[in-house]
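Here is a walk through a structure for someone meeting it now. Keep the sequence and the view side by side as you read.

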Amino acid sequence: MTRASRWGAGLFIGCYLMILSAGIIGHTLKVGLARNALSYFVVWDMFCGWQAYDQRLHFIAETSDGRYFDVSEPWGAFEPFGDVGRVHYDFSSRMLSKHIDHIVSHTAHDPFDCVYIVQECWPKQHNLPDSMWEKNFCGPRDKVSYYHLRAICDTQGVVMNLYPDWYQQQKLSSIADNPRVRHQARQSHSSFGVMYNPSTGSHSSHGPGLGDGLDFQAATN
Amino acid sequence: MSRTVKSQPTILDVLKTFFFEEQVPFGAALARIFLPLMALIPMLMRFPRVRELYTTDGTPIQMFELFGQGEVLPVLAPGPAVMLYSLMVFCLVSSSIGWNTRFSLATGVTLYTYFNLLDAVGTMTKYSVIASHLMLLLTVSSCGNVWSVDEFLRRRRNPNSTFASRAAPVWPARLMQLLFAFIYFGAAITKIQTAAFFSGEQMRYWMLSNWNYENPIGELMAMWAPLLLVAAYVTCVWEIVFAFLVWHRRARFVMLGVGATFHIMTCVTLGLYVFPSICLSGYLCFARPEDIVAVRRWFRNQSFSLPFSRLALPQPPRWMPSAAAWSMVACLFAVTSIEAELRMDIFGTRRPEGMMELTEIDPEVAKERIYSEQPLREKDKVFSFHLGTASVGGQVANRRTEFEHGELLLAECNLNPPHEDMWVECSLQDEHQHQISSFGQFVTREMLRAHFTYQIDERIAPGSYFLVLHSAGEEIARRPFSVTRDETSVANAPGVYGN
């Protein structure tokens, strides 16, 4: 091994170990890894949390004459890791638009008004086979799926309305199930001043000043 | 009196030996043979869907998009994408057999990483990341020096070459080994930061998820939280100590043995098939030359011989350069793939009967799904309700339906998060459903379980009973059990309940 190749190898080893170390430190201390896709290559968070409820997505298109169509691949959904279609693994909802546009543009159908994206959720204990259900839960299985409107898109897949997902909605509901917190939330007025000039300490004459801004609660209501 | 002074090696000497010791790269060669094939399995499954997953005619979602960085990588038209994909497949195969090893690995890992990054939803996972790392390190290694087509061709040119002449610095294999140490250490940090991991809840919900392949043993284990709790601690401790003990000559086998068991268990409990295959292929880089010598010696001592050991290998023509032959086969494979993909017409857009049609849904069903916002039922907030007598880590460790006087009955109610602050009641009823006692407790939103304890004593007469769980005034679950008399105890003491 020549001196140059040994130095080259040493440099490679040093850089590689530094990158791996940066991943561990960044992940442990939660610094410097956000908004960087390459961090996925050095962070080992294979176990990042599982929810108590299972879910699937349904894409339902509505025509102007009140007919409904299932917007799913007629050629068969690709199932990447088992027997669940690929779109159901899209936990960040980034794929919704492309998925709708892709299916709508590759199939024959009547013109649609909009596409509803509905989340179906159920408690995971209902995933157990019947034999195990009988052994672990006395009584018959009484499975109910909860349907929740996640988004409304146009026919190109552009999201027109996006709502919190069912799981998030349950979290919010569990917190809101407290009259005191609910009362205090009603009393609060969020504001956002966009025309305040900190250098002069004055409000612009062209728009609302600090404290005169949008009331988000009112806006969302 | 003379004294021999033995100079201690410095840290630099130790590091030099650790990284630059020259060994025949048997371990890296074994990893080279198996790893690309394991990485290839999921990619072959995706081969018919290249157009859908990775091209402008499909729905690729780049990893960069998930991180809010937009589309950083170029997305190709179906023709070039299929060509590159088939080139990647060919490179992974030729890497495995060691044909133009370094170039095949370099091209293969580049294209493998590119296609994984292109589809963050249905292709990119942590096993892709691990495979990319390992193949990158194999690229800079001398893994093609042994058990490869390259070696076969080299020996034809130089029949007197020996294994010793193929020794190379061991640092690429060391980096592969260190990669595993980092992975496990990082995974342990993640687990430490996930409190619900150490109570078994997280594993339970993962095992009950059907997002991976079949996992019947996982479903069985999911109902035994104390088992998951013990497994959680063992896993975490092993992941931390791996980085420190795997270098020890003897502890290495224990560490790798536990690791192999752990990965095989993820196969049967979580339905992960590719992840353990890739990790176990990577484990082969821990093989030392003396291990290979020992295995060879064992094989030689056996009376059997491999069926192909005496097979005369075909002699390639001397005028054919290996690189040119490799290129020709790769081109042929790519062109064939493009034609095959075109003929497949996966979306059916060139069918004589026209494009495929969407299925119409019954309006009532559609409206029910779109507009129904049913509140969560009380019974769906509860995962399970069990009775037992022993607990591990604060959880019922045995399931019992028969109790004797003198025993402590533990009733455990597991809750599905998220739930609001709840008032949960447990009532004891006799066989005629007459209530004997009832008491409740607050279960705040962060709690995942509630316990009720009953001292089974003389106040509860022998017979059949029920424990009934209530929440918000509704009956959630009912568990039957029976109480038998302990012959040594005094029967019918004053204040007997029920019956």
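Start in chain B of this predicted model. In strand E11(B), Ala450(B) is the bridge partner of Cys413(B). Another residue of E11(B), His451(B), is the bridge partner of Glu412(B). Strand E8 of chain B covers residues 408-415. E8(B) and E11(B) pair in the antiparallel sense, over seven bridges.

Now widen the view to the sheet. Three strands of chain B make it up, in the order E4-E8-E11. The sheet is open, and its pairing is antiparallel. As a rule, strands of a sheet pair through backbone hydrogen bonds, either parallel or antiparallel. Which strands of chain B stand at the edges? They are E4 (382-388) and E11 (449-455). Each has a single partner strand, so one side of each is left without a neighbour in the sheet. From one strand to the next, the twist averages 10 degrees.

Stay with E11(B) and look at its side chains. They alternate along the strand. Ala450(B), Phe452(B) and Tyr454(B) point to one face and are buried. Arg449(B), His451(B), Thr453(B) and Gln455(B) point to the other face and are not buried. The two bridge partners fall on opposite sides of this split: Ala450(B) is among the buried residues, and His451(B) is among those that are not.

Next comes a turn in the backbone worth a look. A cis peptide bond joins Pro417(B) and Pro418(B), with omega at about 0 degrees. Pro418(B) sits in the loop between E8 and strand E9 (422-430) of chain B.

Step back to chain B at the level of domains. Domain 1 takes in 25-166 + 319-349, and domain 2 takes in 378-484. The C-alpha centres of domain 1 and domain 2 of chain B lie 57 Å apart.

Another part of chain B to find is helix H14, residues 274-283. How many of the 10 residues of H14(B) are buried? Nine are, so the helix is largely enclosed by the rest of the structure. The buried residues are Val274(B), Phe275(B), Pro276(B), Ser277(B), Ile278(B), Cys279(B), Ser281(B), Gly282(B) and Tyr283(B). What do the buried residues of H14(B) pack against? Their partners are four helices of chain B: H2 (26-46), H7 (126-139), H9 (171-192) and H13 (251-270).

Now turn to chain A. It has six helices and seven strands. Along the sequence they follow the pattern α-β-β-α-β-α-β-β-α-α-β-β-α. Of its 221 residues, 24% count as buried. Take the contacts in chain A with a separation of 6 or more: residues 24 or more positions apart account for 53% of them.

Helix H1 of chain A holds Ile19(A). This residue has 13 C-beta neighbours inside 10 Å, so it counts as partly exposed. Compare its place with that of Pro140(A). The two are 121 residues apart in sequence, and their C-alpha atoms are 54 Å apart in space.

Two loop residues of chain A call for attention. Most residues other than glycine have a negative phi. Lys30(A) is not a glycine, yet its phi is positive, about 55 degrees. Lys30(A) lies in the loop between H1 and E1 of chain A. It counts as exposed because it has 9 C-beta neighbours inside 10 Å. Ser93(A) is not a glycine either, and it has a positive phi of about 60 degrees. Look for Ser93(A) in the loop between E2 and H2 of chain A. Is Ser93(A) buried or exposed? It is partly exposed, with 14 other C-beta atoms within 10 Å.

Finally, bring the two chains together. In all, 77 residues of chain A are in contact with 81 residues of chain B. Several elements of chain A each supply at least two residues to the side that touches chain B, including H1 (3-29), E1 (53-63), E3 (112-123) and H4 (166-176). H1(A) gives the most, with 11 residues. By class, this side of chain A has 43 nonpolar, 21 polar and 13 charged residues.

Strands meet across the chains as well. Three bridges join E2(A) to strand E3 of chain B, residues 359-361, and the two run antiparallel. Within this pairing, Phe69(A) has Glu360(B) as its bridge partner.

Notes:
Residues are numbered from 1 along each chain as its sequence is written. Chains are lettered from A and ligands numbered from 1 in the order in which they are written. This is a predicted model: local features need pLDDT of at least 70, side-chain atom pairs count only at pLDDT 80 or more; totals for chains, interfaces and linings use all residues. Two residues are in contact if their C-beta atoms, placed from the backbone, lie within 7 Å. Ala, Val, Leu, Ile, Met, Phe, Trp, Tyr, Cys and Pro count as nonpolar, Asp, Glu, Lys and Arg as charged, and the others, Gly among them, as polar. Two strands pair if DSSP finds at least two bridges between them. Domain bounds come from an automatic or database domain assignment. Axes are lines fitted to C-alpha atoms, for helices over the stretch in contact, and angles run from 0 to 180 degrees between N-to-C directions. A residue is buried if 20 or more other C-beta atoms lie within 10 Å of its own, exposed if 12 or fewer, and partly exposed in between; C-beta atoms are placed from the backbone.
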